[in-house]
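Work through the exercises below with the model open. Try each task before you read its solution.

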Amino acid sequence: MGMQNVAKTSIRVLLIISMVFIVSCKNKKEAHINKLSPIIGTWELISATTILGDSTHYKDLSNKRMIKIINKSHFAFLNHDLNKGQDSLEAFVAGGGTYKLQGNKYVEFLEYCNYREWEKNRFEFNVELKGDTLIQSGIEKIEELGIDQKIIEVYIKTQK
């Protein structure tokens, strides 16, 4: 009877050690991914500027919310009004695709967007990380739509 208790206790200890090992490997893997690509996470837009020629437009974000979610191979963005579509500011924009990051050069390949004419386009940006702040700037250009504008977007990290 005593040997059975020792065996059960040994099995429990081995299970606990195995679980701790698995969890620590997972945490190290996640830390490794985040260390390799610090832009991975969920980001909330706090400032957006569009420059068209000599004109600079600052987006009013007081009635909107936008997040950008970036994993190790894809990005997605969701943007909507805060009044649940109940007034003239009604808006919903969503899109996503793959991206490449080399140094501070960030290139998005937009595969999905509710504005379908934006799909299948490539957008090159520079990114700068300052703590939990991501600054993304670059040119959005789609000749067929007559779009040629510089954007500067500032995000705060909300999730890792």
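**Exercise 1. Place Ser-73 in the fold and describe its surroundings.**

Step 1. Start with secondary structure. Ser-73 sits in a loop of this predicted model. Strand 3 (64–70) lies on one side of that loop in sequence, and strand 4 (74–81) on the other.

Step 2. Classify the exposure. The relative accessible area of Ser-73 is 33%. Buried requires under 20% and exposed requires over 50%, with partly exposed in between. Ser-73 is therefore partly exposed.

Step 3. List the contacts, leaving out residues up to four places away in sequence. Ser-73 touches Gly-97, Thr-98 and Tyr-99.

Step 4. Check a longer separation along the chain. Leu-101 is 28 residues from Ser-73, and their C-alpha atoms are 9.5 Å apart.

Step 5. Look for polar partners. The side chains of Ser-73 and His-74 make a polar contact at 2.8 Å.

**Exercise 2. Is Gln-149 buried or exposed, and which residues does it contact?**

Step 1. Locate the residue. Gln-149 belongs to strand 9 (residues 147–159).

Step 2. Apply the cut-off. Buried means under 20% relative accessible area. Gln-149 has 17%, so it counts as buried.

Step 3. Collect the contacts, setting aside neighbours within four places in sequence. For Gln-149 they are Thr-50, Ile-51, Leu-52, Trp-118, Gly-138, Ile-139 and Glu-140.

Step 4. Pick out a polar contact. The side chain of Gln-149 meets that of Glu-140 at 2.7 Å.

Step 5. Follow Trp-118 from the other end. With the same sequence neighbours left aside, its contacts include Gln-149, Glu-140, Leu-110 and Phe-123.

**Exercise 3. How are the rings of Phe-75 and Phe-77 arranged?**

Step 1. Count the aromatic pairs. The structure has four.

Step 2. Read the geometry of this pair. The ring centres of Phe-75 and Phe-77 are 6.5 Å apart, and their planes meet at 15°. Planes under 30 degrees apart count as stacked. The pair is therefore stacked.

Step 3. Add the exposure. Phe-75 and Phe-77 are both buried.

Step 4. Turn to the ring cluster. Tyr-99, Tyr-106 and Phe-125 are linked through ring pairs.

**Exercise 4. Which residues have the most contacts inside the largest nonpolar core, and which strands supply it?**

Step 1. Take the size. The core has 23 residues.

Step 2. Name the residues with the most contacts inside it. They are Ile-70, Phe-75, Phe-77, Tyr-99, Tyr-106, Leu-110 and Trp-118.

Step 3. Assign the strands. At least two core residues come from each of strand 1 (41–52), strand 3, strand 4, strand 5 (92–102), strand 6 (105–113), strand 7 (121–130), strand 8 (133–142) and strand 9.

Notes
Residues numbered from 1 in each chain as written. Predicted model: local features only at pLDDT ≥ 70, side-chain atom pairs only at ≥ 80, totals over all residues. Heavy atoms only, no water. Helix = DSSP H or I, 4+ residues; strand = E, 2+ residues; numbered from the N terminus. Buried < 20%, exposed > 50% of the residue type's maximum accessible area, 1.4 Å probe, protein only. Contact = heavy atoms within 4.5 Å. Polar contact = N/O pair within 3.5 Å; in protein donor to acceptor, adjacent residues only side chain to side chain. Phe/Tyr/Trp six-rings, centres within 6.5 Å; stacked < 30°, edge-to-face > 60°. Core = buried A, V, L, I, M, F, W, Y, C linked by side-chain atoms within 4.5 Å.
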